[in-house]
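Thanks for coming. I have one structure to go through today, so please look at it on the screen while I talk.

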Amino acid sequence: MRSKIVAGNWKMNLDFEKADDLLFQIGEELEKNTPQNVEIVICPPALYLELATDFADEIEFKIGAQNISQHTGGAYTGEISAQMISSMDIDYCIIGHSERRKYFNETSEELSQKVANLLEFGVQPIFCVGEQLEDRDANQHFDIVKSQLKEGLFHLSSSEFSNIVVAYEPVWAIGTGRTASPEQAQEMHAFIRTLITENYSLDIANETSILYGGSCNAKNAKELFSQQDVDGGLIGGASLVAKDFIAIANSF
Ligand code: PGA
């Protein structure tokens with residue numbers, strides 16, 4: 001059965017002391033209220049990955065990076081590679097977040113290179129897809145998500161694809177307080193699962209975790225996660241508040 005996953009994307013927030021505090025508070029909340037059969041993933045800024053791995057020795061959660069380079073190594077000042085994060089026991093890496101597509105002009109070609117690098121070093125990509133508001137208004141949302149998946153992932157072999165987590169994040173819902181309705185999320189998640197079935201197999205589709213992201217919070221998580229094809233969430237703002245983040249992880 002596919003895993004239920006709640007991943008916190010801290011983005012470019014918190015100084016070192018606040019990051020340390022938040023990890024400590026997440027540990028406290030987890031002790032009070034441990035989610036059953038849910039994988040918790042924390043994706044801090046790269047600078048704090050090592051700090052997070054120290055906490056993960058004591059507390060039950062996994063760690064994800066927010067990005068890696070499309071290059072494998074060498075003279076790329078300021079970049080970090082898949083091999084580097086793999087050597088630090090990082091389990092996941094977010095790829096293709098809409099903020100990276102928009103502000104850093106990441107192309108599908110670069111994204112598929114990043115996915116290849118991660119798979120080579122045994123790190124699981126959390127691959128983000130999602131449409132802009134104008135795409136939805138023009139009824140193009142299915143086509144957009146389909147082409148993002150096709151260009152970024154569907155060239156992978158079945159065994160490679162088995163390591164992918166997909167996150168559906170409608171861009172109009174990210175950081176806006178305007179979440180997709182449970183029906184809108186379910187409709188798109190079911191569509192994604194059908195595409196995976198068509199490109200791979202029903203078994204692989206049923207084993208793939210598909211997360212919802214975009215203004216998911218402690219109030220709306222339960223209804224979103226109760227949808228048949230919603231296997232958890234990629235949480236931005238609400239992952240910066242320990243109580244809310246762990247409440248979301250307890251919302252299945
Ligand atoms: P949000 O961000 O929960 O703050 O909307 C989600 C994300 O960008 O992953």
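Which atom of the ligand does a backbone N or O atom of Ser215 lie 2.7 Å from? The partner is an oxygen atom of the ligand. Before going further, note that this is a predicted model.

Two other backbone contacts belong with that one. A polar backbone atom of Gly175 sits 2.6 Å from a ligand oxygen. For Gly237, the distance from a polar backbone atom to an oxygen of the ligand is 2.8 Å. As for cover, the ligand on its own exposes 280 Å², and 95% of that area is buried by the protein.

Now the shell as a whole. There are 13 residues around the ligand. Lys11, His97, Glu169, Gly175 and Ser215 are the closest of them. Sorted by class, the shell holds seven polar residues, four nonpolar and two charged.

Next, empty space. Rolling a probe the size of a water molecule over the atoms shows where such space is left. With a threshold of 30 Å³ or more, the count is one cavity. The volume of the largest cavity is about 30 Å³. What lines the largest cavity? The residues are His71, Thr72, Ser81, Ala82, Gln83, Asn117 and Phe121. Five residues of this lining are polar and two are nonpolar, with no charged residue present.

Last topic, the cysteines. How many disulfides does a search of the whole structure find? The answer is zero. Why does Cys128 not form a bond with the closest cysteine sulfur? That sulfur belongs to Cys43 and is 9.3 Å from the sulfur of Cys128, which is too far, because a disulfide needs the two sulfur atoms within 2.5 Å. Cys128 is also buried, at 1% relative accessibility.

Cys216 gives a similar account. Its closest cysteine sulfur is that of Cys128, 14 Å away, so this pair is too far apart for a bond as well. Cys216 has a relative accessible area of 6% and therefore counts as buried, the cut-off being under 20%.

That is what I had; questions are welcome.

Methods:
Residues are numbered from 1 along each chain as its sequence is written. This is a predicted model: local features need pLDDT of at least 70, side-chain atom pairs count only at pLDDT 80 or more; totals for chains, interfaces and linings use all residues. Side-chain values use heavy atoms; hydrogens and water are left out. On a 1 Å grid over the protein atoms alone, a cavity is a set of points where a 1.4 Å probe fits but cannot get out, and a pocket is an open set with protein on both sides within 12 Å along at least five of seven lines; lining residues have an atom within 4 Å of a point. Grid points are joined across faces, edges and corners, and a volume is the space filled by probe spheres set on the points. Ala, Val, Leu, Ile, Met, Phe, Trp, Tyr, Cys and Pro count as nonpolar, Asp, Glu, Lys and Arg as charged, and the others, Gly among them, as polar. A residue is near a molecule or strand if one of its heavy atoms lies within 4 Å of it. A polar contact is a pair of N or O atoms within 3.5 Å; within protein, one must be able to donate a hydrogen and the other to accept it, and residues adjacent in sequence count only if both atoms are side-chain atoms. Accessible areas come from the Shrake-Rupley method with a 1.4 Å probe; for residues, only the protein chains shown count as cover. Buried means under 20% relative accessible area, exposed over 50%, partly exposed in between (1.4 Å probe, protein chains only).
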